[in-house]
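Here are a few worked exercises on patches, pockets, cavities and salt bridges. Grab your viewer and try each task before reading its solution.

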Amino acid sequence: MPQQNQKVLVLFAHPSQDRSEINRPMFKLAGNIEGVTAVDLYREYPTFRINVDKEQQRLLEHDIVIMQFPLYWYSTPAILKEWQDLVLEYGFAYGHDGNMLHGKSLLCAITAGGAENAYCDKGYNHFTIRELLHPLEQTASLIGMRYLAPFALFASRTAAEEQRVGVHLNNWKKLLVNLVENKVDLELASRLDKLTQLPNNLFKEAL
């Protein structure tokens, strides 16, 4: 019996999309995949007046939530933080009876300006990319979601001239399609440090 497909929600946050060489095509690609709902938070909420009920309903309707954003100062762009502050409220995402997101999965799809070797204890940024995202990982833990290793592109500023964008987009599409088709080993994905290269054993054989 085939596994049931999963519904994937991509929350895209990029405050300067006109300069985006990677995130913008990633978002466009995501919107063309069946089973993926792609939401541009800056376009939908240009004044930051987030519709909490609408966003909570989106979360309820999806199995996997992906936060897609460029890493700015080791954190998310402002609107994504605003979204977290308002949408993940007490009584819904945590606290007394706040169990509405239990069992779902959270993944960060990010671009980072620094080279991959800059993200380690002896590197320029002193921490791994997963360590820098620990606040989001702990948020997922608190609200009962499984946190998956970040899907990351490093040295993103030079990716276009070095012709690495195509490979990244292909991996992005592969990851999204396999998430929808419920073929990603979520337990393995939760243990990895990052999903820069998609390991062969990440995807399960179709039943």
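Before we place a residue in a loop, we need the elements around it: helices (H or I, at least four residues) and strands (E, at least two) are DSSP runs, numbered from the N terminus. One more thing to keep in mind is that this is a predicted model.

**Exercise 1. Where does Y72 lie, and which nonpolar patch is it part of?**

Step 1: Find the flanking elements. Y72 sits in the loop that runs between β3 (64–70) and α4 (78–87).

Step 2: Check the accessibility. Y72 has 32% relative accessibility, so it counts as partly exposed. A patch residue needs over 30% relative accessible area and no salt bridge.

Step 3: Collect the partners. Together with W73, Y74 and Y124, Y72 makes a nonpolar surface patch, and the four share about 600 Å² of accessible area.

**Exercise 2. What volume does the largest pocket have, and which residues are closest to its centre?**

Step 1: Start with the volume, which is about 620 Å³ for the largest pocket.

Step 2: Look at the centre. The lining has 21 residues, and L71, Y72, G113, S156 and R157 are the ones closest to the centre. Y72 from the surface patch thus turns up here again.

Step 3: Sort the lining of the largest pocket by class: 9 residues are nonpolar, 9 are polar and 3 are charged.

**Exercise 3. Which elements give two or more residues to the lining of the second largest pocket?**

Step 1: List the lining of the second largest pocket, which is E116, A152, L153, F154, A155, R164, V167, H168, N171, T196 and Q197.

Step 2: Map these residues onto the elements. β6 (151–153) and α7 (165–180) each give two or more, and α7 has the largest share, with 3 residues.

Step 3: Add volume and chemistry. The second largest pocket has a volume of about 210 Å³, and its lining splits into 5 nonpolar, 4 polar and 2 charged residues.

**Exercise 4. How many cavities of 30 Å³ or more are there, and which residues line the largest cavity?**

Step 1: Count them. With the cut-off at 30 Å³ or more, you get 1 cavity.

Step 2: Get its volume, which is about 50 Å³.

Step 3: Read off the walls. The lining consists of L59, V65, M67, W83, L88, L101, L106, T139, I143 and M145. By class, that's 9 nonpolar residues, 1 polar and no charged.

**Exercise 5. How many salt bridges are there, and are D85 and D121 exposed or partly exposed?**

Step 1: Get the total, which is 12 salt bridges.

Step 2: Take D85. Its partner is K81, with the closest N and O atoms 2.6 Å apart. Both D85 and K81 belong to helix α4 and are 4 residues apart, about one turn of the helix. D85 is partly exposed because its relative accessible area is 45%, and K81, at 41%, is partly exposed too.

Step 3: Turn to D121. D121 pairs with K122, and here the closest N and O atoms are 3.9 Å apart; the cut-off is 4 Å, so the pair counts. D121 is exposed at 57% relative accessibility, and K122 is exposed at 75%.

Step 4: Finish with K183 and E181, whose side chains form a salt bridge at 3.0 Å, N to O. Besides these pairs, shared partners tie E44, K54, E55 and R58 into one salt-bridge network.

Notes. Residues are numbered from 1 along each chain as its sequence is written. This is a predicted model: local features need pLDDT of at least 70, side-chain atom pairs count only at pLDDT 80 or more; totals for chains, interfaces and linings use all residues. Side-chain values use heavy atoms; hydrogens and water are left out. Patches are made of residues with over 30% relative accessible area and no salt bridge: like charges are joined within 9 Å, nonpolar side chains (Val, Leu, Ile, Met, Phe, Trp, Tyr) within 5 Å. Accessible areas come from the Shrake-Rupley method with a 1.4 Å probe; for residues, only the protein chains shown count as cover. Buried means under 20% relative accessible area, exposed over 50%, partly exposed in between (1.4 Å probe, protein chains only). On a 1 Å grid over the protein atoms alone, a cavity is a set of points where a 1.4 Å probe fits but cannot get out, and a pocket is an open set with protein on both sides within 12 Å along at least five of seven lines; lining residues have an atom within 4 Å of a point. Grid points are joined across faces, edges and corners, and a volume is the space filled by probe spheres set on the points. Ala, Val, Leu, Ile, Met, Phe, Trp, Tyr, Cys and Pro count as nonpolar, Asp, Glu, Lys and Arg as charged, and the others, Gly among them, as polar.
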